[in-house]
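Morning, everyone. I'll take you through one structure today, interface by interface.

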Amino acid sequence: MLELHVWGPAFGLASIDAECLATIAYFAQTKPSADYQLIQSSPSAVPTHHLPALHDTATDIWITSYASITGYLSSRSSPSTSSSTSRSHRADATAYTAFLTAHAAPLLALSLYVSSANWASATRPAYSAILPLPLPWTEPPAMRAAMAARTAHLGLSSLDTDAEAADKADAGWVQVPAGLRRAVHPRPGVAASLTPEQAACIKLEGLAADVLDVLAEVEWDVPGQQTLALRCLAFAYLALMLVPLVPRPWLREAMTSGRYGGLVDFVQGARREWFVEGALPWMEPKASRDVVIRFAHGLAQDIPIVGAEWRRWWAQRRRLGLRTAADAEAEESMTAEQRAAENDKRQKTSVRSRNSDLIQGAGLALLAAVNAGMLFYKSANGEFFYRGSSPFGELVQTWRPPPPALAGFGAVGAMFSGMVMSEVD
Amino acid sequence: MSTTNASTSTSTSTNTATAPRSSKPASASASSPYSWRQAMPVPRLLQQLFDLVPLATYSANTLPARSPSTTPDQLPTLYVFASDEDARFGAPSFNPSCLKWQTYLKLAGVRFHITPSTNHASPSGALPFLLPARSSPTDSPAPIPSNKLQHYAFAQGPAPPPELTSLRLEAYQALLDLPVRNAWLQSLYLEPAHAALLDELYVAPASSSGWIRASLRAQLRRAAEAEILRTSSSATAAVVDVDAVYAAALEAFEALAGLLAESETGWFFGAAQPTLFDASVFAYTHLMLRYLGPGEENGSAQAAEAPFVPARLGVVVGCAGAGELERHRERMLKRVWGEPLVDADGVRRSIE
Amino acid sequence: MASSASSHGSINAADHSPPPPPTASAPVQAVENNLLTPVALSSVSLHGAKNTRRSLLDHVFKPLVRESASADTTFGDVLARLSIANQKLARYDIFKEDSIRVFISEALEQPQPGLHLDCTNLDVSISVKEKSRLVLSAGTDFGNAEGSAYTNAVIRNILGGAETLSVNASTGTRTRSAYNAVFSTPVNGNPDLRLGLEGLRSSTQKPWASHEEQLTGGNLRLAYLADNGDSHALAYSGVWRQLTNLAATSSPTVRADAGDSLKSSIAHTFTRDRRDRAGNPMLSQNGWLLRTVSELAGWGPLRGDVAFCKSEVEVSGAVPVLNSIRGGLPSGISVGGGLRMGVLYPLPTGYSLTGPAQPSRINDRFQLGGPTDVRGFKQCGLGPHDGTDAVGGDVYAAGSVNMLLPLPRAGPESPLRIQLFTNGGRLVALKNKGKAGEGGPTAALDSRAVVNGISSAVCELADGLPSLAAGVGLVYAHPVARFELNFSLPLVQRRGEEARKGLQVGVGINFL
């Protein structure tokens with residue numbers, strides 16, 4: 001049985017995440033629904049720390065990311081489908097897959113994650129609906145930060161107006177009468193009344209056109225023309241651009257402006273044909289106990305200095321025990337003796353790395369504790385603690401002169417000297 | 001320099017002295033306490049007084065020894081990552097982005113010097129950039145960042161390569177920007193096997209101090225890892241999926257080799273001349289074959305039989321499309337660096 | 001005899017100059033009458049130093065009681081030694097300045113065996129109040145040509161041995177951000193010999209050369225204040241400098257120096273300050289100052305990326321004139337002058353003295369010009385300029401002559417003065433004569449080229465008139481900083497140097 005862990009459905013689509021949606025579409029067309037299960041999840045729930053993740057329960061192999069999953073499935077299935085496409089088609093498929101990841105993903109992230117209005121009224125509520133409490137407090141912001149990083153090179157962070165709104169709230173504590181306000185802000189120019197999306201309109205349109213022009217040139221509707229994996233991925237990105245009803249629909253408008261009718265038809269056709277109502281084998285989400293742990297980890301990642309390190313450490317640790325497809329292949333090709341030796345070696349190394357990992361983890365935990373402790377002292381009673389510690393000196397400190405050299409008094413003095421010295425000191 | 005030929009003051013020289021330095025960074029003029037003065041008109045009498053001074057103006061001070069002198073042949077300078085010696089001979093840079101533009105400018109027939117530099121020197125924060133030749137010793141021309149170099153080559157180069165307008169090129173360009181670049185970053189910056197190479201290329205030239213090097217190395221590694229995570233599909237993952245990075249690169253090179261095989265001219269997209277895209281591909285394939293090739297222990301003859309190590313990207317490039325990309329690299333090398341390298345003193349050396 | 005000793009004499013140790021008020025004349029008389037009386041010190045007790053370790057105080061009081069134990073000690077000797085001890089206490093900077101009080105009384109208890117029975121035994125009690133151990137402050141600062149806001153935390157007497165930890169964060173017009181922490185401690189209980197360890201990180205804009213310099217590093221510093229007021233400081237520092245954030249118009253010279261370098265150096269600073277600062281510390285009109293700074297970087301075991309020997313001398317002084325017109329009282333008129341010189345000599349790295357040496361970088365070279373040194377020129381307006389960037393020089397000399405006059409109404413006591421000045425300077429770079437269009441920024445000079453270059457640069461200082469400016473202005477000597485508003489005109493300049501005609505504002509502590 002194959003377990004497919006994905007982000008849950010949103011906007012009337014099978015998943016909120018493009019790669020998850022593509023994976024579901026790929027499964028829906030290649031596998032009968034009895035062969036696999038869809039499990040609604042989030043990255044912190046799977047050991048690969050990334051969705052989509054495929055768990056082959058028969059071999060206990062974990063595979064993550066769309067390209068790896070489709071690669072794994074096509075290698076397991078009969079080779080007829082993969083070899084039927086020509087070399088140039090395969091090259092094109094690789095190139096367009098890279099193009100979608102490199103350009104369509106940031107564009108989508110601008111629309112759904114970076115734009116404050118869209119995030120607040122569409123994307124964040126959608127995440128809240130698919131995550132068990134209290135995870136909506138930690139995971140969606142982390143997701144948004146990751147997506148914002150992906151779009152950083154486009155220089156459109158102005159769409160994120162949350163920071164700006166906070167400034168305005170700060171400035172608002174002094175109430176300026178309406179009559180004076182004109183004098184304070186003489187002519188609110190056209191720019192001031194524009195939403196950030198309108199202000200960046202030309203740039204956004206340009207970006208959307210750059211991506212959609214390239215995609216519109218490809219014939220998506222003809223099944224034999226492109227590989228299935230590429231079609232599913234293109235569908236996923238385009239559907240998430242087209243379908244969600246967001247308050248700042250610049251991306252949707254760009255798609256429906258008429259120039260890209262082919263793309264719109266492709267998305268709508270695919271939605272109709274690929275997804276039959278109720279046919280997806282969703283599993284009932286289990287009431288899992290680890291939600292609290294996941295939430296705690298989410299919180300730990302927000303600690304200023306330690307957080308990022310913690311995140312890495314946790315992810316690496318969880319990956320250690322994973323069996324990947326490469327491992328399985330390597331094992332198959334090994335002879336029995338090799339396997340035994342390999343197992344032995346692996347155990348040793350894994351024990352060693354686990355040990356070093358534990359030490360590293362302990363170090364991190366200690367650092368976090370010290371951090372928290374410092375904060376506590378600073379905020380509460382650090383100074384009093386310092387003052388309360390026992391003083392170095394005393395209230396009265398007295399010095400007395402050393403006794404004069406008794407040697408001057410002759411032999412008797414010399415006899416006394418030892419006694420007196422011991423008395424004084 | 002002779003300062004004896006003192007010239008008495010002229011009104012033109014004083015005007016230059018009082019003129020505000022408009023070319024300064026904005027922050028400097030904003031924080032300057034003198035800016036109010038520029039708004040005030042100077043009374044006529046005062047202006048006459050100002051015009052009198054300075055009573056004597058000598059010739060300018062000569063620049064310090066480390067200042068790059070104005071080149072006698074008045075050529076622009078391309079700032080790239082390179083060793084001192086490579087820069088002297090104009091040899092290929094070891095940074096893919098720098099090599100791409102160095103190759104392209106050479107393809108366009110632009111004549112230029114290269115000088116070793118760091119990202120700190122660049123106005124955009126990244127190399128390469130081109131500094132046009134100075135017309136006078138005090139003239140500071142505006143640098144041309146890499147995204148304007150194509151335009152520059154069209155305006156200045158005697159033989160600019162043809163510009164391709166295929167939308168399909170965009171998709172293949174993404175292969176270089178994403179899987180190929182990530183594999184380069186992963187292999188050079190993050191593989192322990194290439195730590196010595198990373199030090200030699202990027203860390204050691206910055207400083208001789210051990211702790212600065214350690215700090216820079218850590219910064220580079222962190223930046224490379226963040227860049228791979230940021231651009232790959234696994235934006236939320238905390239650690240790089242190394243196998244996936246190399247697998248994607250392998251596929252990407254196969255795809256590029258397939259694309260090249262379609263062409264009858266030997267250059268991508270059937271162009272009659274090598275284009276910017278050829279330069280982009282060459283920048284990676286050349287560097288991977290040169291620096292990340294099969295190790296010394298197994299010579300290139302046995303490369304095919306040697307155990308396949310994905311971090312050895314040179315092997316991946318060599319195998320792609322049955323040597324298609326390697327042959328492309330040889331053609332590019334021959335075309336762009338076909339003549340032996342000669343430095344200003346006439347010393348010759350080979351390219352490797 | 002008994003009566004005089006039992007009367008408690010109270011000496012305020014912190015200030016030693018003012019004579020006691022007339023009402024207290026009776027005890028003072030008693031003290032003066034008994035200066036030659038033989039006494040013995042039976043005990044010294046210090047009250048109120050509850051956070052100060054005895055091992056530190058031993059350095060002050062052990063010598064006191066040991067010296068006062070001899071038979072020929074007089075009351076006057078004891079008083080003198082007490083005064084020295086109290087000054088030492090005050091210099092630790094851990095007790096409140098006016099809190100140190102001394103009480104002398106006749107010993108009540110039986111004298112110890114062996115003490116002199118034929119003279120008066122004295123008990124001395126000293127009461128002090130410790131300064132607050134944690135001081136947080138915030139405010140604004142004026143440095144040379146820069147204003148900044150800072151927050152500062154000082155933890156005094158942190159381990160009970162007069163150790164100080166000071167943590168400072170500031171941001172300013174030019175210094176974008178600066179953080180430093182200094183831990184300093186007296187060596188061997190001597191308040192005049194302090195050892196300090198500092199860590200710092202800062203980022204400073206250098207608009208005159210269109211870049212930003214980021215520093216990360218630390219230094220170890222031993223400072224000694226001699227009895228005659230001379231001060232010596234010996235410091236080792238290791239700093240990672242990063243030239244970054246270049247402007248679009250930065251010159252090739254600045255671009256060539258962009259990037260990282262480590263400076264590892266030993267520096268010695270000597271100051272002999274004989275200025276009369278009793279009236280106003282920012283307006284000394286009498287006396288002189290000599291300061292030398294010598295720095296050796298990168299040579300021998302120091303390593304690092306830069307190697308040079310750098311030496312600077314500063315002399316300044318002022319003479320009051322026409323004091324006779326007010327019958328010997330200060331007239332408020334003075335004539336002063338100052339001279340600064342510096343040489344940077346590139347050295348080869350390693351132990352060789354004759355190997356090839358790297359020419360200096362922009363962040364090591366001298367800069368000259370600005371309202372606090374050569375007035376009438378812009379900040380760093382003198383010396384070699386590449387385009388609009390002041391790239392600095394390896395040899396410089398600057399001098400000034402000024403006359404301060406009191407304002408007609410305000411008189412000599414006010415902190416306001418009219419200033420007439422003329423000042424000038426030369427800043428010359430070491431040239432690479434051998435290079436002819438090749439080599440690039442990393443071309444090293446052999447030792448002969450360095451010697452020739454430096455000697456020709458020194459000769460060039462005197463070649464023609466220095467760049468000169470003259471003017472008149474108003475000086476306001478606030479206790480914190482000195483403010484100047486000058487009207488100046490450049491008289492002589494080099495092409496490329498940036499003079500300033502008209503008004504110029506200067507705020508600073510150390511003026512030429």
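Let's start where chain B meets chain A. The rule finds seven residue pairs in polar contact across that interface, with both residues of each pair at pLDDT 80 or more. That confidence value is there because this is a predicted model. Keep that in mind throughout.

Which helices of chain B each supply at least two residues to the side that touches chain A? They are α8, residues 167-190, α10, residues 210-231, and α11, residues 242-262. α8(B) provides the largest share, nine residues. By class, this side of chain B has 17 nonpolar, seven polar and seven charged residues.

Now the extent of it. Chain B puts 31 residues into the contact, and chain A puts in 33. About 2700 Å² is buried between chain B and chain A. Carbon and sulfur atoms account for 59% of that area.

And the charges? How many salt bridges are there between chain B and chain A? The count is two. One to look at on the screen is Arg168(B) with Asp92(A). Their side chains meet at 3.1 Å, N to O.

Next, chain B against chain C. Here the contact takes 64 residues from chain B and 76 residues from chain C. The buried area is about 6000 Å². Of that, 55% comes from carbon and sulfur atoms.

The salt-bridge count between chain B and chain C is one. Which residues form it? Asp257(C) and Arg66(B). Their closest N and O atoms are 2.7 Å apart. As for polar contacts, the rule gives 20 residue pairs across the interface of chain B and chain C, again with both residues at pLDDT 80 or more.

Many elements of chain B take part on this side. Those supplying at least two residues each include the helices α1 (11-18), α2 (26-31), α3 (35-39) and α4 (44-52). The strands β2 (56-58) and β5 are also on that list, and so is α10. Which element gives the most? It is α10(B), with five residues. We met α10(B) a moment ago, on the side that touches chain A. By class, the side of chain B facing chain C divides into 33 nonpolar, 24 polar and seven charged residues.

There is strand pairing across this interface too. β2(B) is joined by three bridges to β21 of chain C, residues 482-494. The two strands run parallel. For a specific pair, take Thr57(B): its bridge partner in β21(C) is Gln493(C).

Now inside chain B. Look for an open sheet of four strands. The order is β4-β3-β5-β6, and the pairing is mixed. Which strands sit at the edges? β4, residues 113-116, and β6, residues 144-145, each pairing on one side only.

β5(B) covers residues 129-131. Two bridges join β5(B) to β6(B), and these strands run antiparallel. Leu130(B) has Ile144(B) as its bridge partner in β6(B). Remember that β5(B) also supplies residues to the side that touches chain C.

Last item, an annotation. An unreviewed UniProt entry places "domain: Metaxin glutathione S-transferase" on residues 251-290 of chain B. What does the model show over residues 251-290 of chain B? The chain there is 68% helix and 0% strand. The end C-alpha atoms of that stretch lie 21 Å apart.

That's the tour. Over to you.

Note on methods. Residues numbered from 1 in each chain as written. Chains lettered and ligands numbered in written order. Predicted model: local features only at pLDDT ≥ 70, side-chain atom pairs only at ≥ 80, totals over all residues. Heavy atoms only, no water. Contact = heavy atoms within 4.5 Å. Buried area = accessible area lost by both parts, 1.4 Å probe. Salt bridge = Lys/Arg side-chain N within 4 Å of Asp/Glu carboxyl O. Polar contact = N/O pair within 3.5 Å; in protein donor to acceptor, adjacent residues only side chain to side chain. Nonpolar A, V, L, I, M, F, W, Y, C, P; charged D, E, K, R; others polar. Pairing = 2+ DSSP bridges. UniProt positions renumbered as here; feature names shortened; annotations may be inferred.
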